[in-house]
Amino acid sequence: MKPLNASEFLPQRPPFLLVDRMLACEQHLCQTDFVVREGHPLVKNGVLLEAGVLENIAQSCATHIGYLSRHVPVRIGVVASVRNLKIHKLPAVGSVVETVVEEQGDPVFSISIYLSKVMVDGELVAEGEMRVVLTDKSL
């Protein structure tokens with residue numbers, strides 16, 4: 001698959017986009033990237049803040065859901081919980097953040113569980129689990 005513009009699958013718009021491209025997508029896996037830019041609301045003192053790392057994971061999950069639902073109205077997703085989040089290092093301005101989210105099986109009661117890994121230059125900078133609930137509302 002050639003990289004796709006992730007904004008096609010996300011409800012977020014600038015300046016709060018934290019995923020630039022979808023690099024790969026399969027039934028239970030999505031890989032995205034994002035260039036950390038100076039001036040982004042979640043960048044301070046030259047690094048992407050913890051909230052930005054977390055939102056990057058959430059938007060990577062949303063990219064996966066949006067891509068798989070691209071032929072039907074996309075239901076709005078809400079982060080239900082975050083577990084075992086470990087942020088080892090904050091990505092610096094200019095870094096290319098690559099995020100892989102892997103859905104753990106099929107959704108149950110509209111809840112999807114994703115394991116995530118956030119990398120910069122092959123180094124693990126964050127990891128954790130996110131549960132996403134799809135609501136009855138669509139975009």
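Why does the sulfur of C61 form no bond with the closest cysteine sulfur? Let's start with the cysteines of this predicted model and then visit a few other spots.

## Cysteines without partners

The sulfur of C61 stays unbonded because the closest cysteine sulfur, in C30, is 8.5 Å away, which is too far for a bond. A disulfide, after all, is a covalent bond between the sulfur atoms of two cysteines. To count as one here, a pair of cysteine sulfur atoms must lie within 2.5 Å. C61 is also a buried residue, with a relative accessible area of 1%.

The structure as a whole holds zero disulfides. C30 is therefore unpaired too: its nearest cysteine sulfur belongs to C25 and is 4.6 Å away, beyond the 2.5 Å limit. Like C61, C30 counts as buried, and its relative accessibility is 0%.

## A cis peptide bond and a buried histidine

Next, look for the loop between β1 (4–5) and β2 (21–26), where you will find P15. The peptide bond that joins P14 and P15 is cis, with an omega of about 10°.

P15 is also one of the residues in contact with H40. Once neighbours within four places in sequence are set aside, the contacts of H40 are P15, F16, L17, L18 and F34. H40 itself sits in the loop between β3 (29–35) and β4 (43–44). Is this histidine, H40, buried or exposed? H40 is buried, because its relative accessible area of 11% falls under the 20% cut-off.

## Two loop residues with positive phi

Two residues are worth finding for their backbone angles. N45 has a phi near 55°, a positive value in a residue other than glycine. You can spot N45 in the loop between β4 and β5 (47–48), where N45 is exposed at a relative accessible area of 75%.

D121 is no glycine either, and its phi is positive at about 50°. This aspartate, D121, belongs to the loop between β8 (111–120) and β9. With a relative accessible area of 80%, D121 is exposed.

## A nonpolar patch on the surface

Which residues make the nonpolar surface patch of about 260 Å²? The patch is formed by I76, V78 and L139. To find L139, follow the chain into the segment after β9 (123–138). L139 counts as exposed because its relative accessible area, 60%, is over the 50% cut-off.

Conventions:
Residues are numbered from 1 along each chain as its sequence is written. This is a predicted model: local features need pLDDT of at least 70, side-chain atom pairs count only at pLDDT 80 or more; totals for chains, interfaces and linings use all residues. Side-chain values use heavy atoms; hydrogens and water are left out. Helices (H or I, at least four residues) and strands (E, at least two) are DSSP runs, numbered from the N terminus. Buried means under 20% relative accessible area, exposed over 50%, partly exposed in between (1.4 Å probe, protein chains only). Contact means heavy atoms within 4.5 Å. Patches are made of residues with over 30% relative accessible area and no salt bridge: like charges are joined within 9 Å, nonpolar side chains (Val, Leu, Ile, Met, Phe, Trp, Tyr) within 5 Å. Accessible areas come from the Shrake-Rupley method with a 1.4 Å probe; for residues, only the protein chains shown count as cover. A salt bridge is a side-chain nitrogen of Lys or Arg within 4 Å of a carboxyl oxygen of Asp or Glu.
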